[in-house]
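Here are some notes for a first look at this model. Please keep the sequence and the 3D view open as you read.

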Amino acid sequence: MTTAEWHALQDTFYRKHRLYQMQWAGLDLSKFRIAASSFAGPIALQRDDRLLLEAGSAPMLDSSIHVYSASGQTIGTIEYEGLHMAGFSWNAREELVCVQEDGNVRVFSLSGRDPVSFSLGPEAREHGVAECCFWDQGLVAMTQDLRFIYVNDIGEPKPRMLADAQLTEPPHCWTVVPPHLTLSRHVEVLVATGATVLCVDAAGVQDQLLDQGPYARISVSPNGRLAALCSLQGRIQVVSIDFQRSFSECTAPASSALADIAWCGSDAAVLSFGDEALLVGPFGDTLSFEFDAPVHLVQELDGVRMFTDDVHELLSKVGEDSKSVFQIGSTAPAALLYDAVDTMRAHSSRADEIVRSIRDDMPQAVDTCIAAAGAEPDVGVQQALLRAASLGKSFLTAYNGDKLVDMCRSLRVVNSLASYAVGIPATLVQFHSLPFEEWVERLLHRNLHQLALRICAYMDAPADQVYVHWACAKIRASTIDDDALYRVLRERLDTLPRPIASYVDIAEVANACGFQRLAIRLLMHEPRAASQVPLLISMGQDDAAMDAAMRSGDADLVYFVIFHLFKALSLGDFFQTIARTPAAARLFEKYCTDMDAPVLEDYYFQDDAFAKSARLIVVENLHESDAVKLVANLKVALKMLHNDKASVLEAHAIDQQIKLLQVQQQFSRDISNEEESYIGLTLNETLARTLASGNYSRATKLRTDFKVPERRFYYIKVHALVGRRDWAELARLAHARKSPIGYRPFVDECVAALQYQEAAKYVPKCDVQDRAALFMRIGFYHEAAQAAVQARDVDTLRQVHAAATDPTLQHDIAQQIEQLTSR
């Protein structure tokens, strides 16, 4: 009968359901230190080295940690060597966290990965660790000098000190309030000292001013609102977490000392006294449960697991849905629907009467039966409730059956996990409180790959993590060579409907186990270069890493490889390595150029890149003001270019620049004004400054030596002569021979210098069609009119007529316009 497991506590019922008959043989748990994981997790046992044991009195006398499932099946053994442990416990990822007395922490994984180690800091190392208290993400350690050190996240450990509680003697007991349960969102420690309790956090210490201690045990409820206190005299209190209100009190049996406290939900506490467990309800009422051996408690979300040497049981509160169906005398619609199934199987007509009586409440009855099935631990009861829900649903036309289907699927998975072979007796509440992927990972920790695959297929979930873990486990256990192991893995992975998302984890394990060739071949299947390249580098496969980075087309990834090679190799080897990949070499050159890195010069020299080396020297000396140094550096560049047959033009240009610098040096020595130094000027600027200083013969020689084109020289000279107002020399230049640039530049330069009279001298030498406009430009309207008449340009005459202010000239222009237009 379902209610046979129920135990009444006032109007509330608690169910004590046997989960397993423990499968470990001949173990006396009193001889071990025990760490049991929540969420139906594994149980770790280590021989208690503080106890004296007779030789042969226990099956395990070594210091190893033996890991069992909740059903007592062996999962594995963790080889532990080191100092005595101050404490150990499981975290939320099913990793065993072991804290040594010297302050070192080691985190072991069931997957076989190497343990992760970190230290609690110099305070713990100097004084040693006395005790530890854990929660699912972190821990608090008490040192021998009675200070508290906490780590909020074991995955990213950052040990910090809590405030000094000024303890002068070890506390009677202490416990942790995890950060997610406190108002401040920081870890707090409740310390029982003297007759009171201290609340210690990072900011300070607060005395709760209690006077009924000393307390032997303190436990905080799962929701963080209540605390259970048990004094040394056996007085049990349930108070608010701020210790301002007391909700219930009772007295514990005096038969044996209190061993542990755990919460059954958020309103009842379970206390273990040797082979007795005492349930204390919200109002001080108690229930006692007797066992054949000392009982150990494991607090869960919705109950307490209790195990001994022989049995493993779950104590939980009976939900309202189950009470509606199974409570004696219940006339709830769900209870009637449940009875209807039995009467229907008995072929009784009364089934029809029952269904008709609850037709209006049928949706509620179906929902209640479905919810009750999820709360029942017995598979047969679950099936009966689901059959009742299915029967009720058949009488409803608009009922959504997804709820029933989902419950069936979830219960099938939960029952598979709870089998003896698996040993994960999770309730439906626990199953839904963790992501599905974490339950799959827990199966993989136990190497139950086949079951994990079936569950993933049944729940329509991706199975990539299963195949990856299977491959890693296969590699760890393999004794065959790389090629044979690669074939085994590929034969299985190639049959998948779609490739697994990543091969990096498998390759990492292969490399760690000494199968480097296998790891390299597996990485060739990795689709993400960003994951592939770092592992190849860590394996010393620099060329393969560079090839993978180049294939990805990701410049940042190529730079990552380049920088690694630069740090790992000698300079010569680095240059030779990147030279084998032209694209990488160009990226390296670009980076060095942008960052002005001096190593680029060594790279060009090593690569015999004479033209690039010369260009680099030229660029570096663009702003060099010391002519002697500049000439010397350019000669070095010229020497490099002479070794490159393809750089003839560049070599000639640098040779000419050197000659120009030498000339500029000579010119600069001939002047006393340093501000007018020739150094750094271009050839045109040098010619202009030489002409502007009146050294016409020197400028002519410079033009001849550097083969300056005649037209360019004329432009420079006209500009310079106008600038220094040397009209005589300008006239000689204009009349010496026919100007190769014409005479328009003469006019333009004079006009720019506002020398209109001088400009007028050269307008007649310009082209006929340009003279009128040029005369107008300098205000010579009479000459402009004559030039327009000569060119027979009526439009320009009209412009002159409009611009002129002399009436006589305007009259003459009008007559000329009339004559030209009348013809």
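Is Arg15 buried or exposed? Point 1 takes this up. One caution comes first: the model is predicted.

1. **Arg15.** Arg15 is buried, because its relative accessibility is 3% and the cut-off for buried is under 20%. Find Arg15 in strand S2, which covers residues 12–21. The Arg15 side chain has a partner: it makes a polar contact with the side chain of Glu376, at 2.7 Å.

2. **Salt bridges overall.** How many salt bridges does a search of the whole structure find? The count is 21. The next points pick out some examples.

3. **Arg521 and Asp483.** The side chains of these two residues form a salt bridge, with 3.1 Å from N to O. The pair links distant parts of the chain, 38 residues apart. Arg521 belongs to helix H14 (residues 516–523), while Asp483 belongs to helix H12 (residues 482–493). Arg521 is partly exposed, at 35% relative accessible area. Asp483 is also partly exposed, at 29%.

4. **A network.** Which residues are linked with Asp483 and Arg521 in a network of salt bridges? They are Asp482 and Arg517. View the four residues together when you inspect this part of the model.

5. **Arg490 and Asp494.** Here the side chains meet in a salt bridge of 2.2 Å, N to O. Arg490 counts as buried, since its relative accessibility is 13% and buried means under 20%.

6. **Arg528 and Glu526.** This salt bridge spans 3.3 Å from N to O. Its two members differ in cover. Arg528 is partly exposed at 43% relative accessibility, whereas Glu526 is buried at 5%.

7. **A negative patch.** Which residues gather in a patch of negative charge on the surface? They are Asp275, Glu290, Asp292 and Asp310. Asp292 lies in the loop that runs between strand S26 (286–290) and strand S27 (296–299). Asp292 is exposed because its relative accessible area is 80%, and the cut-off for exposed is over 50%.

8. **A nonpolar patch.** Phe563, Tyr591 and Met595 make a nonpolar patch on the surface, of about 280 Å². Phe563 sits in helix H17. Its relative accessibility is 33%, so Phe563 counts as partly exposed.

9. **Ala568.** Stay with helix H17, which covers residues 555–568 and holds Ala568. Ala568 is partly exposed, at 48% relative accessibility. How far apart are Ala568 and Asp542 in space, C-alpha to C-alpha? The distance is 10.0 Å, with their positions 26 residues apart in sequence.

10. **Val800.** Move on to helix H32 (residues 794–803), where Val800 is found. Val800 is buried, with a relative accessibility of 0%. Its C-alpha atom is separated by 9.7 Å from that of Phe775, and the two residues are 25 apart along the chain.

11. **To recap.** Arg15 and Val800 both count as buried, at 3% and 0%. Asp292 is exposed, at 80%. On the surface, look for the patch of negative charge that includes Asp292 and the nonpolar patch that includes Phe563. For salt bridges, start with the network that includes Asp483 and Arg521.

How values were computed
Residues are numbered from 1 along each chain as its sequence is written. This is a predicted model: local features need pLDDT of at least 70, side-chain atom pairs count only at pLDDT 80 or more; totals for chains, interfaces and linings use all residues. Side-chain values use heavy atoms; hydrogens and water are left out. Patches are made of residues with over 30% relative accessible area and no salt bridge: like charges are joined within 9 Å, nonpolar side chains (Val, Leu, Ile, Met, Phe, Trp, Tyr) within 5 Å. Accessible areas come from the Shrake-Rupley method with a 1.4 Å probe; for residues, only the protein chains shown count as cover. Lys and Arg count as positive and Asp and Glu as negative; His and the chain ends are not counted. The place of a charge is taken as NZ of Lys, CZ of Arg, CG of Asp or CD of Glu. Helices (H or I, at least four residues) and strands (E, at least two) are DSSP runs, numbered from the N terminus. Buried means under 20% relative accessible area, exposed over 50%, partly exposed in between (1.4 Å probe, protein chains only). A polar contact is a pair of N or O atoms within 3.5 Å; within protein, one must be able to donate a hydrogen and the other to accept it, and residues adjacent in sequence count only if both atoms are side-chain atoms.
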